[in-house]
Amino acid sequence: MNVKNVFVFLIAGLVAFNVSAQKRSLTEQADDAFVSQQYTKAVELYKKAYSKVKANRQEKDRILWQTAECYRLMDDKEQGIKTYKRLVTAGYYSVQPKVFLHLADMQRFEADWDNAETNYREYLKLVPNDGLAQRRLQSIALAKDWVNHPTMHQIRNEKSINTEWNDWGPHFANNEDKNTITFTSSREGEENSEKDAWTGQYFSNIYTATKMKDGTLGNVVIYGVNDVNTAVNEGELVCITNGKTQNIYFSRCNVKDKTHQTCAIYMTPIVQNTKGKGKKTQSKSTQNKSNATKDNTKTDTIKSTTTDDNSAFMKVDLGDTAYNYLHPAVSSDELTLYFSSDRPGGEGDYDLWKATRKSLDEPFGNVINLGKQINTEGKEQFPILRTDTRMYFSSDGLAGLGGFDIFYSDLVNGEWSEPVNLKYPINSPSDEISIIFNESISANSASEESGYFSSNRAGGVGGDDIYSFYRSPLLFTLKGKVHDEKSMQPIEAAKVKLIGDDKSSIETRTNRKGEYEFNVEQVKYNVNYRIQVSQIDYFNNEGNESTVGLTTSKDLVHDFKLTPIPKEPVVLPEIRYDLARWELKDQYQDSLSDLLIILVNNPNYVIELASHTDSRPFPNVTNDTLSQRRAESVVDFLHKRGVDYERLVAKGYGERVPRTLKNAVTIEYNKKNFTFPKGITLTDDYINSLRTKDEREAAHQLNRRTEFRVLRSDYISREVRDSLADAALNGQVVNMVEKQDPTIDIPIIYTDNRIKLTMINGKLSQLYIILNGKAIPAIYDERYKDVAVMDWDVAMDLLLKGRINKNDFRDKDKAFDAEGNILDNSVLTFQSAYIGKYWTDKFEVLVRKGMPQQMIINRNGLKDFGNFTFNKQTGEIIFDK
């Protein structure tokens, strides 16, 4: 591609070669042509000069180096690679280390990544601090990965408008019409047969193409507005509609003093020239070229150069005219101009800059470099604004696939974000520049996307070609099931929280089948997600899913199993104290984090924190006192983090409850591992029977522990109790379902020993019994033959919600059929049962299908809660105080 090197695409107007050069040597003539950027002429002269130099090896190598540089600047990679390899063989890298760098660059452009990597490493041995070479070396691994994992974009060569020459730089004809594009081409014009001596292409002009009914581009005509095109290079035209006015900005490269070319940005209001539209006008070829060379001195304001009788072009003054200013991108209010330039003060060969003004009547000024976040030691060019805060541009210095890659950056709080590579297949090992989009930016980065860009990738029609791209929307869903790990039953109303690294957070609940789902509007592309699942009476569970790097739409599936929180004590992770002390040490506070999460997620839990010592006494404190204070230190820790004291019961057991191992345990002591078998109780007799002192110390250490167990799951906060106290004291039965979480059942409160029964249909007396933390309405019937019977549907609901499990049934597994349904007339034991402040444990009920009520209890069943009398006149059960 001829567009990147030094002035990129728009470098124009090469000079007539000095006739006096005929009297000079071939080498001198070649050097003059090279300095004048006449690379096609220089390379032929160098090849002739090389054959004439015989004995001077140093000069022959220099000529060969200059030849290779011509090929590089002409973008002839095939000949360039061959010539640089000859220089490597000749050892010229000792004179010019960039032999390796330029060879590696060209090999990377050809996707010859392994050889490119070798030559980058050779160059870095000679020039170890070259940041550009380091970045290009590092980008090879990225390039391989991107090619192996392409995006979903489909790429199509717009063959109907491309030629054997260079066609590049698509822009929409104006920012309100996306049916017509402008582009730049070095194809032969009707009147312009002169070629650019740098590239061998015709001087570039601006053309238009129209979207056809079949979606392709066609109907190519020369851009006829304001007679923009001249006999020199024009390109990169941008049209801005601002209210009732339309202005165009474009680049033009002129011949200066017949020695080198200079490029500038021009601006003009649109004046339709119907006579010239659709073809090059015959009158402007020589006239424009002459006028365009006049204005090359440094100015302080916008300059105006007349090109014909019908239009005026104003050259935008952006600095010293000895440098080049290319590729305009203009904000919607026309107060900010972005451009590429080789002016001093930048980071590399070409940088992106901006100029601003306060009103449309003022010239642009205050030129500022966009900084190291955007610019590199290489070239950054072809800025295009999709919006005023999203800029696309091309760079050969940022990590990419090969030559110029297209990137985008967002303007956030006045700063440009880290550039994002568009990856393969929009980018390739070749050069990609100037991308435009049919659609506005969507909040969903995986939505439908289409547009145009230019590339000189292999398989094209000519050098640079115009390509279209399309990506169908990427759609993602996430669904799964949540089951009880022990009963394998689905868990209803479990909370499933989807948290994305894009700071999104969404919640849903499982249905009766334990199913949850997040739809295509909720699951976004290119996001890493955490899935948190919680439910009352269960330990939380968490999983991860990601849409990052996915190239097709996908329905993600993630199932969970939640482990019920056991009723028996759970040993907390190891917490150690100083000898005979009870203060909780900072390094062991993290061991309580899981317990804290359980308490936060289960606000109706009341737990016991039990601390145990080993059997050996201390002189100044008893084991009972020590263990009690250690348990209290854990309570204090949790209370400081928001857990009510009422939910925390500290209990010190001293040495009285030696630990029984439910599973084999391996513990390290004194840098040795000791394993104790399952089922062993660590009594003094057992410990004293161990062979070594270290093994005995390890056993004592296992006895020193802090445990927790759930005492109740019916805790009601003081705030709720206070708000309902008046109603309860007036004898009213208050249904206190907690509002902040519908999965938590806050039971009915009876605050006295007098339980007022509710009459149902004037016949049945009802009270509430709290079973495993769930308020169940029960009919009190003294004449009912069975002690307590629960309806099958109620029992199944408790099973599905984790209130009970198979171990609560007398027949364990045999209490269920093959589908997990409870068998009729199974005996179920609740671990806790409350009526007001009266309670019992191990409360048995019979599960029966087809019950007329949720639960029925007779006099004998009620006696399990305490002695009472029943006042039929007042409808009260009165427990003995």
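This is a short guided tour of the structure, stop by stop, with what to select at each one.

**Before you start**

The model is predicted, and local features need pLDDT of at least 70, side-chain atom pairs count only at pLDDT 80 or more, while totals for chains, interfaces and linings use all residues. Residues are numbered from 1 along each chain as its sequence is written, and side-chain values use heavy atoms, with hydrogens and water left out.

**Stop 1: the whole protein**

Show everything as a cartoon. You are looking at 15 helices and 48 strands; helices (H or I, at least four residues) and strands (E, at least two) are DSSP runs, numbered from the N terminus. Of the 881 residues, 53% count as buried. Here buried means under 20% relative accessible area, exposed over 50%, and partly exposed in between, with a 1.4 Å probe and protein chains only.

Now switch on the surface. The protein exposes about 40400 Å², and carbon and sulfur atoms supply 47% of it; accessible areas come from the Shrake-Rupley method with a 1.4 Å probe, and for residues only the protein chains shown count as cover. Among contacts (heavy atoms within 4.5 Å) between residues at least 6 apart in sequence, 58% join residues at least 24 apart.

**Stop 2: the disulfide**

Select C253 and C263 and show them as sticks. The structure holds 1 disulfide, and the term covers a pair of cysteine sulfur atoms within 2.5 Å. This disulfide joins C253 to C263, with 2.0 Å from S to S. The link is right-handed, with 110° about the S-S bond. C253 lies in strand β7 (residues 245-256) and C263 in strand β8 (residues 260-269), so the pair ties together parts that are 10 residues apart in sequence. C253 is buried at 0% relative accessibility, and C263 is buried too, at 1%.

While you have cysteines in mind, select C70 and C239. C70 is buried at 0% relative accessibility, and C239 is buried with a relative accessible area of 4%.

**Stop 3: a four-stranded sheet**

Next, select residues 325-330 and 365-369, which are β11 and β14. They belong to an open sheet of 4 strands in the order β11-β12-β13-β14, with antiparallel pairing; two strands pair if DSSP finds at least two bridges between them. β11 and β14 stand at the edges, each with a single partner strand, so one side of each is left without a neighbour in the sheet. Neighbouring strands are turned by 25° against each other on average, direction ignored; axes are lines fitted to C-alpha atoms, for helices over the stretch in contact, and angles run from 0 to 180 degrees between N-to-C directions.

Add residues 351-356 to see β13, which pairs with β14 over 3 bridges. Pick out W353 and look across to its bridge partner in β14, N369.

**Stop 4: helix α12**

Select residues 693-703. In this helix, 9 of the 11 residues are buried, so α12 is largely enclosed by the rest of the structure. Among the buried ones are D694, E695, H700 and L702. To see what surrounds them, add β32 (606-612), β34 (665-669), β35 (672-676), α11 (684-688) and β36 (705-712), against which the buried residues of α12 pack.

**Stop 5: V789**

Finish at V789 in strand β41 (residues 788-791). V789 is buried, with a relative accessible area of 0%. Which residues is V789 in contact with, leaving aside its neighbours within four places in sequence? They are Y784, L846, R848, M851, Q854, M855 and I856. Now add V847: V789 and V847 are 58 residues apart in sequence and 5.9 Å apart in space, C-alpha to C-alpha.
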